[in-house]
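Me: I'd like to learn how to read the boundary between two parts of a protein. Could you walk me through one?

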Amino acid sequence: MVDFDYTDVQRMIRDTVRAFAEREIRPFLREWDEREVFPRNVFQKMAALGFLGVMVPEQYGGAGYGSSEFVIVIEELARVEPGIALSVAAHNSLCTAHIYRFGSEAQRERYVGPLARGEKLGAWALTEPEAGSDAGNLQTQAFWDGTAWVLRGTKNFTTHGTVGDVYVVMAVTDREKGRKGGLTAFIVERGTPGLIPGKRESKLGMRTSDTASVILDDCRVPPENVIGEVGQGFAQVLQVLEGGRVGIGALAVGIAQGAFEAALRYAQERRQFGRPIAEFQAIQFMLADMATQVEAARLLVHRAAWLRDQGRATPKESSMAKLFASEVAVRVADMAVQIFGGYGFVKDYPVEKYYRDAKLCTIGEGTSEIQRIVIARQALREIGFRLRAS
Ligand SMILES: Cc1cc2nc3c(=O)[nH]c(=O)nc-3n(C[C@H](O)[C@H](O)[C@H](O)COP(=O)(O)OP(=O)(O)OC[C@H]3O[C@@H](n4cnc5c(N)ncnc54)[C@H](O)[C@@H]3O)c2cc1C
């Protein structure tokens, strides 16, 4: 395996997460996947190691690292169990990052600390039945009743929808203004009357990650739970997703890396025609393509993370990393199944799971089509092309 050019601290983080995942997660992969177990005890153990507050400063109980370290944590978890990596990514880069970045000092004290220490689990609810890629078309409404904001609507596909403690919920506060000034982000705590975890999805992959709808049935939220200012929600979402997409890119790299390593080992062990299949050029070419693509994806992810650590906006770079890495994960997992032959198709071997898990990466936090739109628009803007508003 190529040793990426990490600092000593980053190498230590990688080794710590890798050892943890091998010890605490790998032995249970199949059982948790088949039974769709959300392994809460693993989250408690990860909290003790700082995995749930990777980018939160130490003063708020986090590990105090940057994006470059965050992507290492996510890659290493995904190399073993992508569903847990997805949960950790969503907790860190969506819910916690949203409140940390745009919340008041009081909100940071009240929510970011417990989230970073893993005492609370975060959820981030944007998607709705009628608003997936078209996130500006939210139907969930929040209206002011004189003493509180009243939230009404349904969220779909919320990671930690049934197990979350702190939900960041996006809702329409002014329909006239639409996405430019009409959406607002709210913090809603578990147990608030009217916040009702809905149907937990049974999924193709990422089955350890809890995904559910969330119903807001006249859920009353105090004014101090508005994140930033009323009307700023959509602008915040775009910035949160920039960070989130780098995390999904890292998740995809981890899946591809795990599938590649499994295929590499299997190619040496499996013999056909009296020799290891690794001696066949057709297998070698697949291994070569896998190795090259994983490395290229990792470079794009780390470049986007590094730019973020420099305080730079990365609308194009995050989308490029997410788009490329997620499509690499799907291709590499596909090749891994091919190298395993029939054994790649059965659950006693590890690669069918990577194959199932990988697909989510081309869908969650913006599909591949949406990433291409973001990248193309940004590229056109950079040469001064005037796009029509959409
Ligand atoms: C496991 C899982 C976890 C998730 N976690 C969360 C979460 O924590 N919080 C949250 O808010 N959401 C979450 N999501 C939702 C996810 O972000 C959405 O599923 C995703 O954005 C796509 O939306 P959609 O499913 O409605 O697909 P649609 O938007 O209906 O897209 C359907 C197809 O149409 C294409 N399409 C749509 N618009 C265009 C266009 N303009 N041009 C070209 N093609 C287009 C899409 O690319 C796709 O191929 C999660 C989803 C899953 C499956």
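Reply: Gladly! Let's begin with charges: three salt bridges are counted between domain 1 and domain 2. Keep in mind that this is a predicted model.

Me: Which side chains meet in a salt bridge, for example?

Reply: Look for aspartate 33 and arginine 207, whose side chains form one with an N to O distance of 3.7 Å. That fits the rule, because a salt bridge needs the nitrogen within 4 Å of the carboxyl oxygen.

Me: Where do the two domains sit along the chain?

Reply: Domain 1 covers 8–116 and domain 2 covers 122–230. There is also a domain 3, at 235–382. The C-alpha centres of domain 1 and domain 2 are 22 Å apart.

Me: How do I read the size of an interface?

Reply: People often state it as the accessible area lost when the parts come together. Here, domain 1 and domain 2 bury about 2200 Å² between them, with 59% of that on carbon and sulfur atoms. Of the area that domain 1 buries against domain 2, Glu36, His98 and Tyr111 supply 28%, more than any other three residues.

Me: How many residues are in contact?

Reply: On the domain 1 side there are 26, and they touch 27 residues of domain 2.

Me: And how many residue pairs are in polar contact across this interface?

Reply: The rule finds 17 such pairs between domain 1 and domain 2, counting pairs with both residues at pLDDT 80 or more. On the side of domain 1 that touches domain 2, α2 (29–35), α5 (82–102) and α6 (105–116) each give at least two residues. The largest share comes from α5, with twelve residues. Sorted by character, that side of domain 1 has 14 nonpolar, six polar and six charged residues.

Me: Now for the backbone. What is the phi of phenylalanine 157?

Reply: Phenylalanine 157 has a phi near 55°, a positive value in a residue that is not glycine. You can find phenylalanine 157 in strand β3, residues 149–159.

Me: Is phenylalanine 157 buried or exposed?

Reply: Its relative accessible area is 53%, and the cut-off for exposed is over 50%, so phenylalanine 157 counts as exposed.

Me: What about histidine 160: where does it lie?

Reply: Histidine 160 is in the loop between β3 and β4 (166–172). Its phi is positive too, near 75°, again in a residue other than glycine.

Me: Is histidine 160 buried or exposed?

Reply: Histidine 160 has a relative accessible area of 0%. Buried means under 20%, so histidine 160 is buried.

Technical notes. Residues numbered from 1 in each chain as written. Predicted model: local features only at pLDDT ≥ 70, side-chain atom pairs only at ≥ 80, totals over all residues. Heavy atoms only, no water. Domains from an automatic or database assignment. Contact = heavy atoms within 4.5 Å. Buried area = accessible area lost by both parts, 1.4 Å probe. Polar contact = N/O pair within 3.5 Å; in protein donor to acceptor, adjacent residues only side chain to side chain. Helix = DSSP H or I, 4+ residues; strand = E, 2+ residues; numbered from the N terminus. Nonpolar A, V, L, I, M, F, W, Y, C, P; charged D, E, K, R; others polar. Buried < 20%, exposed > 50% of the residue type's maximum accessible area, 1.4 Å probe, protein only.
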